[in-house]
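Me: I would like to go through the terms used for this protein one by one, asking each time what justifies the word. Please set the value against the cut-off before concluding.

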Amino acid sequence: AGSYCQGGTEKRECPALSTGPKRAHSIDHCICDKGYYGTNPRECKRCPLNSYCPGGSAVNTCPQRAEAPIGSHVCTCRKGYYGSNPFHCQTCRRNYYCMGANLVIR
């Protein structure tokens, strides 16, 4: 977890599952960690299945050919597809087996 300083000599930790940027001076500057989301840093929730949460309040659905486990901040291509960019997953070619992500086996 990050921290924030209200001034003086006291440094305070951001709540669990959240972090604060440099020079944060209020708990309001703390945001949920990657893989979590929420508008209140005291109530960060794990990112849902097949979604990615870059941190803060955003919850984004993975593209159609991609997937993500609970608590993820990235999506990867589903089995049967391949590619390093989950927004451009390609269908596995004939005579190949695609294990998801960027793994292709002949």
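The questions and replies below take up the model, its strands, its overall form, its rings and its cores.

Reply: First, this is a predicted model, in which local features need pLDDT of at least 70 and side-chain atom pairs count only at pLDDT 80 or more, while totals for chains, interfaces and linings use all residues. Residues are numbered from 1 along each chain as its sequence is written, and side-chain values use heavy atoms, with hydrogens and water left out.

Me: How many helices and strands are there in the protein chain?
Reply: The protein chain has zero helices and 14 strands, where helices (H or I, at least four residues) and strands (E, at least two) are DSSP runs numbered from the N terminus.

Me: What is the radius of gyration of the protein chain, and what would a compact globule of 106 residues have?
Reply: The protein chain has 18 Å, whereas a compact globule of 106 residues would have a value near 13 Å; the radius is taken over C-alpha atoms, and the globule rule is 2.2 Å times the number of residues to the power 0.38. Along its principal axes, the C-alpha trace spans about 65 × 20 × 15 Å.

Me: Why is the pair of Tyr52 and Phe87 called edge-to-face?
Reply: Rings of Phe, Tyr and Trp (its six-membered ring) pair if their centres lie within 6.5 Å, and planes under 30 degrees apart count as stacked, over 60 as edge-to-face and the rest as tilted. The ring centres of Tyr52 and Phe87 are 6.4 Å apart and their planes stand at 85 degrees, so the pair is edge-to-face. A search of the whole structure finds one aromatic pair, and this pair links distant parts of the chain, with Tyr52 in strand 7 (residues 51-52) and Phe87 in the loop between strand 11 (81-82) and strand 12 (90-91), 35 residues apart.

Me: What makes Arg93 count as lying over the face of Tyr96?
Reply: A charge sits over a ring if NZ of Lys or CZ of Arg is within 6 Å of the ring centre and within 35 degrees of the ring normal. Arg93 lies over the face of Tyr96, at 4.8 Å from the ring centre.

Me: Why is Ser51 called buried or exposed?
Reply: Buried means under 20% relative accessible area, exposed over 50%, and partly exposed in between (1.4 Å probe, protein chains only). Ser51 has a relative accessible area of 7% and is therefore buried. Cys98, in strand 13 (residues 97-100), is likewise buried, at 3%.

Me: How do Thr39 and His88 stand against those limits?
Reply: Thr39, in the loop between strand 5 (36-37) and strand 6 (45-46), counts as exposed because its relative accessibility is 78%. His88, in the loop between strand 11 and strand 12, has a relative accessible area of 52% and is therefore exposed.

Me: Which residues make up the largest nonpolar core?
Reply: A nonpolar core is a set of buried Ala, Val, Leu, Ile, Met, Phe, Trp, Tyr and Cys residues joined through side-chain atoms within 4.5 Å. The largest has seven residues, namely Tyr52, Cys62, Ala66, Ala68, Cys75, Cys77 and Cys89. A second, separate core of five residues includes Tyr4, Cys14, Ile27 and Cys30.

Me: What is Cys75 in contact with, leaving aside its neighbours within four places in sequence?
Reply: Cys75 is in contact (heavy atoms within 4.5 Å) with Tyr52, Cys62, Pro63, Ala66, Glu67, Ala68 and Pro86.
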